[in-house]
Structure formats: structure tokens, C-alpha cells
Amino acid sequence: MTDTLTALPASVADVFETVTARNPHEPEFQQAVHEVLHSIAPVVERHPEFSDAGIVERLVEPERQIMFRVPWVDDAGQVRVNRGYRIQFSSVLGPYKGGLRFHPSVNLSIIKFLGFEQIFKNALTGQGIGGAKGGSDFDPHGRSDAEIMRFCQSFMSELYRHLGEHTDVPAGDIGVGGREIGFLFGQYRKITNRHESGMFTGKGVQWGGAEVRTEATGYGAVFFAEEMLRVRGESLAGKRVGVSGSGNVAIYAIAKARQLGAVPVTASDSSGYVVDDDGIDVDLLRQLKEVERARISEYAARRPSARFVERARPWEVAVDIAIPAATQNELDEDDARALIAGGVLAVAEGANMPSTPGAVAALQEASVLFGPGKAANAGGVATSALEMSQNASRQRWSFDDSEQKLREIIADIHGAAFDAAGRYGRPGDYVAGANIAGFERVAHAMLAQGVI
Ligand code: NDP
């Protein structure tokens, strides 16, 4: 994180002090808690019963934190050891729900920040799902399919005892896509001797997965941008869209932006970004990233209208709409100022917490429409909940029906955030609105269920 955190109102300052004292080496977790506390302070002040019941104090402490050893053998026969995590943050609204991330940067702070965010995001979807996150510091890049399989099997050999369709339902995230979900689900099925479809979402559509789940997070971020633009009487047609990342979220944000008449001009990975003024070629990007697992520079090598910019972020390219869809804190205050100078109208976060606090403040001060990840990328988990419903009822919905449902859910999330911001005197502030609307649902459920 590049920014210092601002002082909080007295009503929540003590809670934050406890969080920093109890979790001293966890900057991402502190950053996520700070943002939520800042937004919900007026709600806490208006509802003394929440303070009396210790709602916020309980909410910032995970219900359960699981850390475990993941030993596996690489193709050369060498034993490797990674660390696995599952943070089961809140089950007040439903079974724990949230993705698994495999990336070398994964640590307790990152998984806790993601699990904390997930509580409010999931509440915002209006579906009965709690908040969790998990993963490992395992790096899948450059690993063979056999190594990925052995790692996934070892990971699940420990985690399975904490999962189940009524207990905790993981999904994918960075480094965990269809291939990994297949291996993880297979191992769970073998160990438990149960074909329990609803214990994992993001499954292949041939074996219990839902249509549109793969596309849902990226599509949802574009739908959210569309909703925000509508409030200003604007549309996506003809707009230049800057996207970061080239993984699951980025690819389908680019695809949907193109379908709706916008021109997505950038994509990136950790080596740099490509800019293509003719519009990113979705088929080429999918071939490179989903099939060949190539670096993004290869896109420019195969596409004459594109150029590759090494070790840089795409925010220096002038666009109307920005969709950060790679990772946390990938868009800082300087990047935000570059986007503002380029005339950006809206930012919809496809990734979780991609914008630093300084970037969010700069964008909001410049009256740029800003959709936080909690709201703008909630389409993924909302569609996961639809997958759980289909698994429970053994039904299969069509692609078009599922996409229509996703669109309605995103419109509802936008409406809930917009409305909550208005009720608390912060019109158009989707950060405050999303946090408040999610918190209200969680807090009322916690109040009803007693001190547990
Ligand atoms: P993928 O693994 O499919 O793709 C991640 C992309 O981001 C890759 O292009 C990767 O590049 C890039 N990236 C990752 N870490 C970094 C980094 N430190 N610096 C620069 N680039 C980086 O992940 P997803 O698309 O699934 O997830 C992207 C974001 O969206 C994450 O924040 C995730 O939490 C969030 N999200 C995902 C959901 C989903 O349904 N998948 C749901 C809601 C949120 P490289 O290959 O070079 O590492």
C-alpha cells in the first residue's frame, strides 16, 4: 500500500485500534477494515443497538482461521512445501463462500482482507452466502499439469474436512481456474466418497457447473459500469475501455465491453501491458492465455495493431472507462491522476481492492464514477450462488437465462449501493453505499442470532 490511512470517527476508532494491535503485520487486512469502518461509522452512530451487541468488534475477527502444510512432489522428484489457508470469516447469512487464490504473494494478510471484503460483497448480492477466502503461496506459473494436479490433491487432502455444501463452498480466484477446480473437486469426491456438487462452484458445465459462471465476474463489472453510466445519462457505446490483467475477469470484461459496443484497448499481466487501438481481439487473447498460457507480449507479436509496453501499467493510456482486473493495489494515486488527465468517466473494479485509498479519493474528488470491487465484481459470487441453487435442485439453466439473471442482480446491487449512499447523505458514493448496504444486512442478522 502506498498511502497512509486517514483518522476514523470516534464511533469506530477503538475497533480499528484493536485490529491494528491484534494484526500488526497485515497491511492489506488493515486497509480493507479501515475502508469499511470509515463507511459504516454513521450507521453505527444511528444504531446504538449494534454497539451494544458488539457487532463491529465481532465482525472484524474471523470466525475461524485455518493454516496448513501442503507438501507435494515436483516433476524432478523433489519434495516441495507450501502453506495453505482458509479464513472462514462470517457464516451469519449462509455457508462460508469465497474463492481460493494460488499466487506466490499469498499470505495471511491478503487472505484475511479478501475474506473480510467477501462478507459485505456476498451480503450485497442478496443471496444466502457467508464470507470466506483461501489459497496458497504456490505459484502455478510454469508448472506442468501433473504438478498442478499433485499440488491440488495435497491441498484438498487437508482442506476437505472444513468444507461441504452446507459449511463452506470455495470457488476460483487468481491462479485457480477450471483446471485447478477440476483437480480439487476430484480429490474431495474421492476422500469423502460423496459427489457433492454444491461444495465447489466454478465447476465445468459438463459436471455440475453453471452456465455464465466463467464469464460472470468480467461481465458483471461491465454491467456495473453500464449502470453507473446510465445514472449520468451515458452509455458504453463507442467508449474506450482500459482493462488490466488478462485472466478470467479481464478476458470476459473485455469480451462483454466489445459486445456492448465499447472498444477495449488494453490488457496486461505482471510483465507489462498491450495497447490495441483497434480493440482487443478476444479470441486471440483467449487462445494465448487460456490455451497456450503465454505472456501478454505475445499478443503484440501476433497482432499488428498492438504494441507491448514492458513493466508498466495500462493506466497511462487515455480511456473513458477503466476496469482494473488484475490484483490488489494495482492502481495508485498517480495512476488515478493519469486516468483523470486522460478524461476517464468511470472506474469499475473487476479485481478486489485494486485501487489504493489515495486513488479512490482522487477519483471521487474529480467526480469520476467509482464502482468498488465489492459491488462491481460481485457478479462472480452471485452466479456461484446460482450454481449452488442449480446443484441443490438438480436443474440446469440456459446461458441466456443465467446472463439475464446476472444482469438483474447487478442492477439490484447497484440500486442497493446507490440507495444506501443517498440515505446516509453520500449521494453517488458507491464505496460508502456498498459497504453500508452490505453491513446493514449482516448486522441485522448478527443481532437476531445472538452473541456467537
Ligand atoms: P487470474 O489468475 O485468472 O488472472 C489474474 C491476472 O492478473 C493475470 O493476468 C495476472 O498476470 C495478473 N496479475 C496477478 N497478480 C499480479 C500482480 N501482482 N501484478 C500484475 N499483474 C498481476 O485471476 P482472476 O481473473 O480470477 O482474478 C483477478 C482479480 O479479480 C483478483 O483480484 C480476484 O480476487 C478478483 N476476483 C475474481 C473473481 C473470479 O470470479 N475469478 C471474482 C471476484 C473478484 P500474471 O499471469 O503475469 O500473474
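Begin by selecting Phe151 and Phe155 in helix α6: these residues are four positions apart, so about one helical turn separates them. The model on display is a predicted one. The two rings form a tilted aromatic pair, with 6.0 Å from centre to centre and 35° between the planes. Phe151 has a relative accessibility of 0% and therefore counts as buried, the cut-off being under 20%. Phe155, with 0% relative accessibility, counts as buried.

**From helix α6 to strand β1**

Keep Phe155 selected and add Phe68. The ring centres of Phe68 and Phe155 are 5.2 Å apart and the planes stand at 55°, so this pair is tilted. Phe68 belongs to strand β1 (residues 64-73) and Phe155 to helix α6 (residues 145-159), so the pair ties together parts that lie 87 residues apart in sequence. Phe68 also counts as buried, at 7% relative accessibility.

Now extend the selection to Trp72, Phe102 and Phe138. Together with Phe68, Phe151 and Phe155, these residues form one aromatic cluster. The aromatic pairs in the model number 18.

**The largest nonpolar core**

Next, select Leu37, Phe116 and Phe439. Within the largest nonpolar core, which has 98 residues, these three touch the most other members. Helix α17 (residues 430-449) supplies the largest share of this core, ten residues. In soluble globular proteins, nonpolar side chains tend to be buried together.

Which residues does Phe439 touch, not counting those up to four places away in sequence? Displaying its surroundings shows Ile40, Val43, Val44, Phe50, Ile55, Val56, Leu59 and Phe120.

**Two charges over rings**

Select Arg46 together with Tyr424. The charged end of Arg46 sits over the Tyr424 ring, 4.0 Å from the ring centre. Then move to Lys256 and Tyr219, where Lys256 lies over the face of Tyr219 at 4.4 Å from the centre of the ring.

**Around the ligand**

Centre the view on the ligand. It is surrounded by 25 residues, of which the closest are Asp173, Thr217, Ser270, Arg295 and Asn352. Three distances between a polar side-chain atom and a ligand oxygen atom can be displayed here:

- Asp173 has a polar side-chain atom 2.6 Å from an oxygen atom of the ligand.
- Asn352 places a polar side-chain atom 2.8 Å from an oxygen atom of the ligand.
- For Arg213, the separation between a polar side-chain atom and an oxygen atom of the ligand is 3.1 Å.

**From Asn352 to Gln328**

With Asn352 still in view, select Gln328. Asn352 is among the contacts of Gln328 outside its neighbours within four places in sequence; the others are Arg101, Ile110, Phe113, Met353 and Pro354. Gln328 is in the loop between β11 (321-323) and α12 (333-341). Is this loop residue buried or exposed, given a relative accessible area of 11%? Gln328 is buried, because buried means under 20% relative accessible area.

Show the side chains as well. Those of Gln328 and Arg101 are joined by a polar contact of 2.9 Å. A further polar contact, at 3.1 Å, links the side chain of Gln328 to that of Thr327.

**From Arg213 to helix α15**

Return to Arg213 and select Thr383. Setting aside neighbours within four places in sequence, Thr383 contacts Arg213 along with Glu211, Val212, Ala216 and Leu406. Thr383 is placed in helix α15 (residues 379-393), and at 1% relative accessibility this residue counts as buried. Its side chain reaches the backbone oxygen of Gly379 at 2.7 Å. For a wider view, add Val274: the C-alpha atoms of Thr383 and Val274 are separated by 30 Å, with their positions 109 residues apart along the chain.

Helix α15 also holds Gln390. At 4% relative accessibility, Gln390 counts as buried. Its contacts, leaving aside neighbours within four places in sequence, are Ala210, Gln395, Arg396 and Trp397.

**Last stop: Gly371**

Finally, select Gly371 in strand β13 (residues 369-371). Gly371 has a relative accessible area of 0% and is buried. Not counting residues up to four places away in sequence, Gly371 touches Phe224, Met228, Val347, Ala348, Glu349, Ala376 and Tyr430. Adding Glu226 gives one more distance to display: Gly371 and Glu226 are 145 residues apart along the chain, and their C-alpha atoms are separated by 11 Å.

Notes
Residues are numbered from 1 along each chain as its sequence is written. This is a predicted model: local features need pLDDT of at least 70, side-chain atom pairs count only at pLDDT 80 or more; totals for chains, interfaces and linings use all residues. Side-chain values use heavy atoms; hydrogens and water are left out. A nonpolar core is a set of buried Ala, Val, Leu, Ile, Met, Phe, Trp, Tyr and Cys residues joined through side-chain atoms within 4.5 Å. Buried means under 20% relative accessible area, exposed over 50%, partly exposed in between (1.4 Å probe, protein chains only). Helices (H or I, at least four residues) and strands (E, at least two) are DSSP runs, numbered from the N terminus. Contact means heavy atoms within 4.5 Å. Rings of Phe, Tyr and Trp (its six-membered ring) pair if their centres lie within 6.5 Å; planes under 30 degrees apart count as stacked, over 60 as edge-to-face and the rest as tilted. A charge sits over a ring if NZ of Lys or CZ of Arg is within 6 Å of the ring centre and within 35 degrees of the ring normal. A residue is near a molecule or strand if one of its heavy atoms lies within 4 Å of it. A polar contact is a pair of N or O atoms within 3.5 Å; within protein, one must be able to donate a hydrogen and the other to accept it, and residues adjacent in sequence count only if both atoms are side-chain atoms.
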